[in-house]
Amino acid sequence: NQHYKITLLPGDGIGPEIMAVTVEVLKVIGQQFNLEFEFQEALMGGAAIDATGNPLPTETLEMCRQSHAVLLAAIGGYKWDNLPREQRPETGLLGLRAGLELFANLRPATILPQLIDASTLKREVVEGVDIMVVRELTGGVYFGQPKGIFSTETGEKRGVNTMAYTEGEIDRIARVGFATAQKRRGKLCSVDKANVLDVSQLWRDRVIAMSQQYPDVELSHLYVDNAAMQLVRSPKQFDTIVTGNLFGDILSDAAAMLTGSIGMLPSASLGEAGKPGVFEPVHGSAPDIAGQDKANPLAQVLSAAMMLRYALDQPQAADQMERAVNQVLDQGYRTGDIMSPGMKAVGCKAMGEALLKILDN
Ligand code: NAD
Ligand code: IPM
Ligand code: MN
């Protein structure tokens, strides 16, 4: 039996609800594939602030470091929105990413045929969409120095963040972008703002230089404003997108809607090979529907499938999990965010039960 230590970070809002469903599904998959999961839960985000005053307790980071993989649900909520920046749930999440050096965030946006009618876009626009957004995750304007709110000579305040990338940071994410495209349809689109930003000019120069090492990948470039427009206009032109931290954050939420709902989108945050990755949905803690059994757990379940595939090297178990998601949709089960006429409305728990029933057969 393969033994895996998995740190669970249920976090806030809908986090604990979608995590509970996912853990049940993982347990069944584990039995079926002879995988022994040792789950250890840790505090993170608002839940950690309430218990310890710190959104990322040292103990949590240490537990994550010593596990094979980390499964994170979501953090944040109104309750903590007015705390000083260093005490906010989001700062804990950035600390986790930085602490584990998770510089590459893979965010696949794939439209499942069952959900075409749940998309706000026309069938012919979204049918067949299969995009991988490779987002840089530990640099750029999220981390650049100086940052803060400073007083000027006149006493007026000035808010500052710095968008910065070193050559090394660009090269390592560019490599992930090219290697990802190579395994897919061989097309890489690098998204920047090189017409205005110096940091983007360096980004573009390094990506072009790197392309020499990947002659089989067809490289293109788009400015981020145009990329946002093209994603909605004709998303099928995209295969793999590589971009910086902030642009990737925004474009991946846009790409999410192509698939019908952000409640369907998983992600994998990866560092150097052999170090634990974090697997988390693209969406947040959805405080507007938290505690009401309304959340779609499928992004979390699909994030666990990415964990099986990328961190634990169990592609068959991952396939099985993704098949169960497909079948549950085939059978017509829908949470509110992906509901369409004639389908069976269910809550988070019932969606989980439907998944378990499929896996039992
Ligand atoms: P959000 O993604 O939490 O919610 C956006 C909208 O999508 C809401 O209407 C919500 O109800 C809906 N939604 C999201 N996930 C859903 C699901 N699984 N099923 C059904 N509907 C779903 O974004 P937001 O409202 O901007 O942020 C809320 C909080 O989450 C903030 O504190 C934010 O900082 C945090 N956040 C955390 C993460 C993370 O933990 N990785 C990511 C994004 C936002
Ligand atoms: C995400 C979130 C985070 C980000 C926030 C909550 C820090 O929006 O994971 O996409 O901006 O990276
Ligand atoms: Mn985001």
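## Two domains and a ligand shell

In this predicted model, the C-alpha centres of domain 1 and domain 2 sit 24 Å apart. So where does the chain split? Here's the domain assignment for the protein chain, piece by piece.

| Domain | Residues |
|---|---|
| domain 1 | 1-100 + 276-361 |
| domain 2 | 108-263 |

Domain 1, then, is put together from two stretches of the chain, 1-100 and 276-361. Where the domains meet, domain 1 puts in 16 residues and domain 2 puts in 16 residues. On the domain 1 side of that contact, the elements giving two or more residues are α4, α10 (298-311) and α11 (315-330). Sort that side of domain 1 by class and you get eight nonpolar, five polar and three charged residues.

Now for ligand 2. Which residues are around ligand 2? They're Gly76, Glu90, Leu93, Leu94, Asp249, Val282 and Gly284. Helix α4 (residues 89-99) turns up again here: the largest share of the shell, three residues, comes from this helix. As for chemistry, the shell around ligand 2 breaks down into three nonpolar, two polar and two charged residues.

Finally, a word from the records. An unreviewed UniProt entry carries the annotation "domain: Isopropylmalate dehydrogenase-like", covering residues 5-355. How much of the chain is helix and how much is strand over residues 5-355? Helix makes up 40% and strand 21%, and the end C-alpha atoms of that stretch are 23 Å apart.

Definitions and conventions
Residues are numbered from 1 along each chain as its sequence is written. Chains are lettered from A and ligands numbered from 1 in the order in which they are written. This is a predicted model: local features need pLDDT of at least 70, side-chain atom pairs count only at pLDDT 80 or more; totals for chains, interfaces and linings use all residues. A residue is near a molecule or strand if its C-beta atom, placed from the backbone, lies within 6 Å of it. Helices (H or I, at least four residues) and strands (E, at least two) are DSSP runs, numbered from the N terminus. Ala, Val, Leu, Ile, Met, Phe, Trp, Tyr, Cys and Pro count as nonpolar, Asp, Glu, Lys and Arg as charged, and the others, Gly among them, as polar. Domain bounds come from an automatic or database domain assignment. Two residues are in contact if their C-beta atoms, placed from the backbone, lie within 7 Å. UniProt positions are given in the numbering used here, feature names are shortened, and annotations may be inferred rather than shown by experiment.
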